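Student: I have a model open here, and I would like to understand the reasoning behind its description. Could you go through it with me?

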Amino acid sequence: MRVQQGLGVVHLFCKPRVWVDRDAVIAAVRAAESKDCQVVTAAMLGHKADSAFMALCADMTVIREFQTALQRAGLDVVDSYVSITEVNEYAKGMPEHMLAERLYPKLPPEGMDSFCFYPMSKRREAHANWYVTPFEERREMMMEHGASGRTFAGRVVQLITGATGLDDMEWGVSLFAIDADTIKEVVHTMRFDRGSALYGEFGRFYVGTITPVDSLV
Amino acid sequence: MRVQQGLGVVHLFCKPRVWVDRDAVIAAVRAAESKDCQVVTAAMLGHKADSAFMALCADMTVIREFQTALQRAGLDVVDSYVSITEVNEYAKGMPEHMLAERLYPKLPPEGMDSFCFYPMSKRREAHANWYVTPFEERREMMMEHGASGRTFAGRVVQLITGATGLDDMEWGVSLFAIDADTIKEVVHTMRFDRGSALYGEFGRFYVGTITPVDSLV
Amino acid sequence: MRVQQGLGVVHLFCKPRVWVDRDAVIAAVRAAESKDCQVVTAAMLGHKADSAFMALCADMTVIREFQTALQRAGLDVVDSYVSITEVNEYAKGMPEHMLAERLYPKLPPEGMDSFCFYPMSKRREAHANWYVTPFEERREMMMEHGASGRTFAGRVVQLITGATGLDDMEWGVSLFAIDADTIKEVVHTMRFDRGSALYGEFGRFYVGTITPVDSLV
Amino acid sequence: MRVQQGLGVVHLFCKPRVWVDRDAVIAAVRAAESKDCQVVTAAMLGHKADSAFMALCADMTVIREFQTALQRAGLDVVDSYVSITEVNEYAKGMPEHMLAERLYPKLPPEGMDSFCFYPMSKRREAHANWYVTPFEERREMMMEHGASGRTFAGRVVQLITGATGLDDMEWGVSLFAIDADTIKEVVHTMRFDRGSALYGEFGRFYVGTITPVDSLV
Amino acid sequence: MRVQQGLGVVHLFCKPRVWVDRDAVIAAVRAAESKDCQVVTAAMLGHKADSAFMALCADMTVIREFQTALQRAGLDVVDSYVSITEVNEYAKGMPEHMLAERLYPKLPPEGMDSFCFYPMSKRREAHANWYVTPFEERREMMMEHGASGRTFAGRVVQLITGATGLDDMEWGVSLFAIDADTIKEVVHTMRFDRGSALYGEFGRFYVGTITPVDSLV
């Protein structure tokens, strides 16, 4: 399974089984990287997962091989998110280099070791149904949301990937920030944006520290 | 338990137990095929399942035997969907060959190795209750939805099977597409159709690559 | 714990543990039958359970013994439903033999090997609260529902047992039908009845084939 | 952790692990009883639990020791409810002996071997928010509910314990009845009371037979 | 990952695996304390967890090391909550020492061995959406809530930490009280405050006794 425009992105949240082959985990990351994959690795906090591997690759079969290699190395994949990078319908007409940044991001950004991931959907409720809201109104809300996010430039890098048809919730949000306070501040602030306050549905939140794979296991 | 009109369809989502007998898995598929079953096999992405087996057969007892054979070969069935092929009440009067395609599909379609499955129901909420909506209105929404889907002809093949009384959600959607982008595009686009935007309730999404059983295990 | 009027009914949905003592399972069924229990056994489809045992008995202590015997034989009870047969308040005044059929059913019916079970409750929402709806209105809906069900006579036998105070959802529906299509048709058709469309809340659906215990394990 | 007025109450729902030390379970109950705890034991029906231990004690540290002893004896505590006995704000001014019965109950009542437990909360929805309903209105609903319950006097004994701040749902209801029919009848009947029909939110229902600990394991 | 203003706070709820290395658990707590962490330990009641470790530290990498040490000592982290101490937007302008108490609390308070934790969020429903409520109205509700809480001064110490972007629910509430009655009384009383009654969404409740780590394992 290939992605024609952009990259396939799989977030794998893992816990160790009884025995983990440390070298095999490292080798799995190196093998994926050698096949045009980017792999971001993080040490996670709390009971949901101990480690996270975010793999980006145009060929999702390579990501499946990567997942198999991690599992064989003794990691249990306890949660995940399957999505692809995207330029959404509200961003058409952006300068080429900005589109490229969204479709083909280089991760992780330097100097930002605080990592956060959560999935989200747009509500389809009686009083707030995104999918029956006119395009212009949706576009305005997206622009307000974007402007609100840009006030955090330099302190946070955000990547939103699309998962409609690929995973349970419609979008995945990956945040890289300079510290934990900033993650909290940006998500709290943006929750007051009309698009989030009324239409946002949020899933589980994962948080941890970007960590090179050889320090991770 | 037999299906009189159409085929029984069981989607089995699996993870390996400690030890899997590769030959026994292949033999299970071959045995089912020798008893008039079609079996579609796929390598899945993410934590929900590692492999998927979609079996279609008029005799559901044969499917149960197939499930038992997979379990004995060391696969743990971690999720599933039980349904039957159908011609729904909105499609009555279709040309015979189109009805036959729905009741007796030949799967997987050629050249489409991206596979997606999700279950769905129609809402019964205060403001959007499919089951108290007049037939004509429902039929119109189904026709809009069908027309919207047909714009993807050649890039996606879709099979909708009915599960009311057989599984928790009312319909199962199996998609075969030429790439991952198309799965995302078709499901995102159709979510704006009135029937989906207002009445659709979606379950878990599974995605993977169609893979012959001998490359799968 | 005894049931004074009618029978206690426990549906046990099971998966095998590592090792199952086939003879002990059969002996458990025979022992329960020798103590005035009826036991219906079925091979189930999908991941939720591999086998189902529906035990009917006025003395629920005998059913508990039966459950213990199955567990000791190596079956893991992964889901269940505890209820008792009932004549509800809308059926008062029915001819004696019809009441007896509901309170003391003889199961399984002959020639109907397709088996389905699901629990349900009546909604208590703002716009549809069964428990503040006047008795007459409720009775009318129940009669419409009954009439709708009777059009399937000869193809389906249905037993509704009450579980308020005994299990999470308020009623259990056990269906026996001549084939899988009929289960789907009857449940789909009746979902349009006012009582179901507006007030029905449905739990998990189990489906399988009635199978004598010695072919089951 | 102590309870100053009334008793701490912990319901422990258990399944056996691979090996249970029968004598140690009995000793755990006896030890708790010797430290001013009451312990009610029951054999439960269905998959949720095989046995239940309801411990009442002013010193909750003793209950924690009891829990540890059961776990060390080989029981897995799979569900639980932590609460304390209470005289609620609607019952102020009751005769002293009735208050004492609620704060310091003697359990189990004689001749009532059918046991039921479920947790419940009061709704905080748009159309039915208990916590913004005036006190007088709430008091009236509680009195109607109490009167409705009293028609079952002699057939059922009910204990309602409070858990706001201590467990997920706000109250725990423990019922002791002469037979299973009565449990079903009382809960079904009271569900039509305004306070339950509009404001009640119900959790999982547990049902079983009061059984002395030496017959239980 | 560091917290710039305030402390990172991770609540770890644990169950023992087959074998726990008591000395290693104690050593893990001591090691964290030696690296500027506060660690509060408690024996919990019920099935959700047997022990709780609440770690406060500006450097969340130290907390991750602490978590790893507990896991290696044989504890299974079955639930958790990741947050940071905060001075919220309604408390701006408070005297310096009160802000410091919130950002850099000293825990546990003396003489309060009853411990409670629960997460909560503010609703975003049609009739009660915190995030579209004007700031002044929100501030008033927060002040009413604060005043209501202060009537329990001397009997309860409360710490509210923020988790938007860090965990699934938006705030964590940690309560320390003189007895179990007080926990119940304060949470029940405050549920009638407008901010809680209309806008509060509550998660799972954990309750136990503050216990030094060497008595805990």
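Tutor: Happily; what follows takes the chain arrangement and then chain A. Keep in mind that this is a predicted model.

Student: What makes chains A and B related as by a five-fold rotation axis?

Tutor: Look at the operation that superposes chain B on chain A: a rotation of 72° with 0.0 Å of shift along its axis, at an RMSD of 0.0 Å. The two copies are therefore related as by a five-fold rotation axis. In chain B, the C-alpha nearest that axis belongs to A126(B), 7.2 Å from it.

Student: How do you know whether chain A agrees with a compact globule?

Tutor: Set its radius of gyration against the globule rule, 2.2 Å times the number of residues to the power 0.38. For 217 residues the expected value is near 17 Å, and chain A has 17 Å, so the two agree. Along its principal axes, the C-alpha trace spans about 50 × 35 × 35 Å.

Student: What secondary structure does chain A have?

Tutor: Chain A holds seven helices and nine strands. Among its contacts with a separation of 6 or more, 78% come from residues 24 or more positions apart.

Student: What share of chain A counts as buried, and what does the word require?

Tutor: A residue must have under 20% relative accessible area, and 62% of the 217 residues of chain A count as buried. The chain exposes about 8500 Å², with carbon and sulfur atoms supplying 53% of it.

Student: And how far apart are the mean positions of the positive and negative charges?

Tutor: In chain A, the 23 positive and 29 negative charges have mean positions 2 Å apart.

How values were computed. Residues numbered from 1 in each chain as written. Chains lettered and ligands numbered in written order. Predicted model: local features only at pLDDT ≥ 70, side-chain atom pairs only at ≥ 80, totals over all residues. Heavy atoms only, no water. Least-squares fit on C-alpha atoms with pLDDT ≥ 70 in both. Helix = DSSP H or I, 4+ residues; strand = E, 2+ residues; numbered from the N terminus. Buried < 20%, exposed > 50% of the residue type's maximum accessible area, 1.4 Å probe, protein only. Contact = heavy atoms within 4.5 Å. Areas by Shrake-Rupley, 256 points an atom, 1.4 Å probe, with all protein chains shown as cover. Lys, Arg positive; Asp, Glu negative; His and termini not counted. Charge placed at Lys NZ, Arg CZ, Asp CG, Glu CD.
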